[in-house]
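Reader: I have a protein model open on my screen and no clue where to start. Could you walk me through it?

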Amino acid sequence: MKSWIFSCACAFAIVVTVLPAPAQKLQQVRVALSTPTPHMAPLWVAKDRKFFEKHGLDVQLILVNSGSLVAQMFAAGELQITANAPASLVNLVAGGEKISFFLGLSNTTPFSVITQPSIRRAEDLKGKKIGTARFGGSSHISALIALEHLGLDLRRDKITLIQTGVDPDRMAALEAKAIDAGMLQRVATKVMTGKGFYNLLNMQAAKIQYQNTGLAMKREYAAANPKAVDGVIRAMIEAYGYIFNKDNKQSVKEIIARNLRLPKIEAAEDFYLEALEELDRKPYPTLEGMRIVIKYVAEQNPKAAGMKAEEIVDPSWLKRLDSEGFFDKVYGGKY
């Protein structure tokens, strides 16, 4: 009898030990993207290749086609992290929000000033109309920076900036001669110059500094959720490593094509090249780039005058990973 009881107990013990442990609950993080552009590829890759899940996160990527709307949702606590141009965030900081801009997705302006075929010199833009996206966004501020670089002034030279929508809208406006020039990114620029329109200024080639896009969060969220933030950043750096590994080119192109809703994977080639051009292997946000953003925001919003870039830019999270050799581990020591 004792022997039978002992055998049953052992059998029960064996059954208990092989029961699977409950699955770890993933922490949800809502990230807003204001514009689907190639430099968002690290977010798409981290999501697609499950790098976020690897670090215990359920990251939801939410497309919101307006940087100002993203800022409103962010301020209301509907989002934990934003991936958009920092101008709207500077306005939030000017209004009292404490924000940490902690990763630079694009540390240069990707725009070119594309003009009608007859406009070949900077002075030819005097009295003309230039198409941008929403005022306060990256294309709008890039237009202001471009005009200064070209020695032009909006008021003095009677130049009008017009909100004409995203790249396809600006391309259509150029072809319809509704605008004299438009701020266009790489792929749109290639299409339009192929049709005879003129690239008056390639801002990326001119190496004009500007903090174009990056990841930001409220400082109170970072303080309350350091593990989640650390996980987001590690997943992002792993995505960078995946993108820059040439063996993954086809996979990255498929991910880009799917997120940009391209009809064919082959159409993603230029977008893939654009991503490689815009992304830095060590994506530190730049103080100088943010200073330029603040300068132009302050012209529209006096509350931003005197604001320091150090109030917004926070490289400490990346520095921590750098100091522990995480970049070396991801890239194999090759930059």
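Author: We'll go from the whole chain to its sheets, then to a helix pair and a few single residues. Keep in mind that this is a predicted model.

Reader: Okay, the big picture. How many helices and strands does the protein chain have?

Author: Start by counting the pieces: the protein chain has 15 helices and 10 strands. Then look at its extent: the C-alpha trace spans about 105 × 45 × 35 Å along its principal axes.

Reader: What share of the 335 residues is buried?

Author: Buried residues make up 50% of them. For that label, a residue must have under 20% relative accessible area. Another thing to check is who touches whom along the chain. Among contacts with a separation of 6 or more, 77% are between residues 24 or more positions apart.

Reader: Now the sheets. What holds strands together, in general?

Author: Strands of a sheet pair through backbone hydrogen bonds, either parallel or antiparallel. Here's a case: one open sheet has five strands in the order β2-β1-β3-β10-β4, with mixed pairing.

Reader: Which are the edge strands there?

Author: They are β2 (57-63) and β4, and each of these pairs on one side only. From one strand to the next, the twist averages 25 degrees. Helix α10 (residues 226-244) packs on this sheet and touches β1 (27-33), β2, β3 (81-84), β4 and β10. The direction of α10 makes about 10 degrees with that of β4.

Reader: Is strand β4 mostly covered or mostly open?

Author: Covered: 10 of the 10 residues in β4 (residues 99-108) are buried. On its paired side, seven bridges join β4 to β10 (residues 209-218), and the two run antiparallel. You can find the partners yourself: Thr-108 stands opposite Gln-209, and Phe-101 has Ala-216 as its bridge partner.

Reader: So how should I picture the side chains along a strand?

Author: In a regular strand the side chains alternate between the two faces of the sheet. Try following that along β4, whose residues run from 99 to 108.

Reader: What is the strand order in the sheet that contains β7 and β9?

Author: That open sheet of five strands reads β7-β6-β8-β5-β9, again with mixed pairing. Its edge strands are β7 (160-163) and β9 (198-202), each pairing on one side only. Its twist averages 30 degrees from one strand to the next. Zoom in on β5 (residues 112-115): four bridges join β5 to β9, and they run antiparallel. Thr-115, for instance, stands opposite Tyr-198 in β9.

Reader: What about helices? At what angle do α2 and α11 pack?

Author: For a helix pair, look at the angle and the gap between axes. Helices α2 and α11 (residues 249-259) pack at about 105 degrees, with their axes 10 Å apart. Angles of 65 to 115 degrees count as roughly perpendicular, so α2 is roughly perpendicular to α11.

Reader: Which residues meet between α2 and α11?

Author: Ala-41, Trp-44, Val-45 and Asp-48 in α2 meet Ile-255, Ile-256, Arg-258 and Asn-259 in α11. By class, this contact has five nonpolar, one polar and two charged residues.

Reader: I clicked on Lys-47. Where does it lie, and what does it touch?

Author: Lys-47 lies in α2 (residues 41-48). Leaving out residues up to four places away in sequence, Lys-47 touches Phe-52, Asp-58, Val-59, Gln-60 and Leu-61. A polar atom of its side chain lies 2.4 Å from the backbone oxygen of Val-59. Lys-47 is partly exposed, because its relative accessible area is 38%, between the 20% and 50% cut-offs.

Reader: And Asp-157: buried or exposed?

Author: Buried, because its relative accessibility is 8%. Asp-157 sits in the loop between α6 (138-149) and β7. Its contacts beyond four places in sequence are Lys-126, Gly-127, Gly-151 and Leu-152.

Reader: Last one: what is the phi of Lys-207?

Author: It is near 55 degrees, a positive value in a residue other than glycine. Lys-207 lies in the loop between β9 and β10 and counts as exposed at 70% relative accessibility. Now compare Arg-261: its phi is also positive, about 55 degrees, and it is not a glycine. Arg-261 is found in the loop between α11 and α12 (269-278) and is exposed, with a relative accessible area of 77%.

Key
Residues are numbered from 1 along each chain as its sequence is written. This is a predicted model: local features need pLDDT of at least 70, side-chain atom pairs count only at pLDDT 80 or more; totals for chains, interfaces and linings use all residues. Side-chain values use heavy atoms; hydrogens and water are left out. Buried means under 20% relative accessible area, exposed over 50%, partly exposed in between (1.4 Å probe, protein chains only). Contact means heavy atoms within 4.5 Å. A polar contact is a pair of N or O atoms within 3.5 Å; within protein, one must be able to donate a hydrogen and the other to accept it, and residues adjacent in sequence count only if both atoms are side-chain atoms. Axes are lines fitted to C-alpha atoms, for helices over the stretch in contact, and angles run from 0 to 180 degrees between N-to-C directions. Angles under 35 degrees count as roughly parallel, over 145 as roughly antiparallel, 65 to 115 as roughly perpendicular and the rest as oblique. Ala, Val, Leu, Ile, Met, Phe, Trp, Tyr, Cys and Pro count as nonpolar, Asp, Glu, Lys and Arg as charged, and the others, Gly among them, as polar. Two strands pair if DSSP finds at least two bridges between them.
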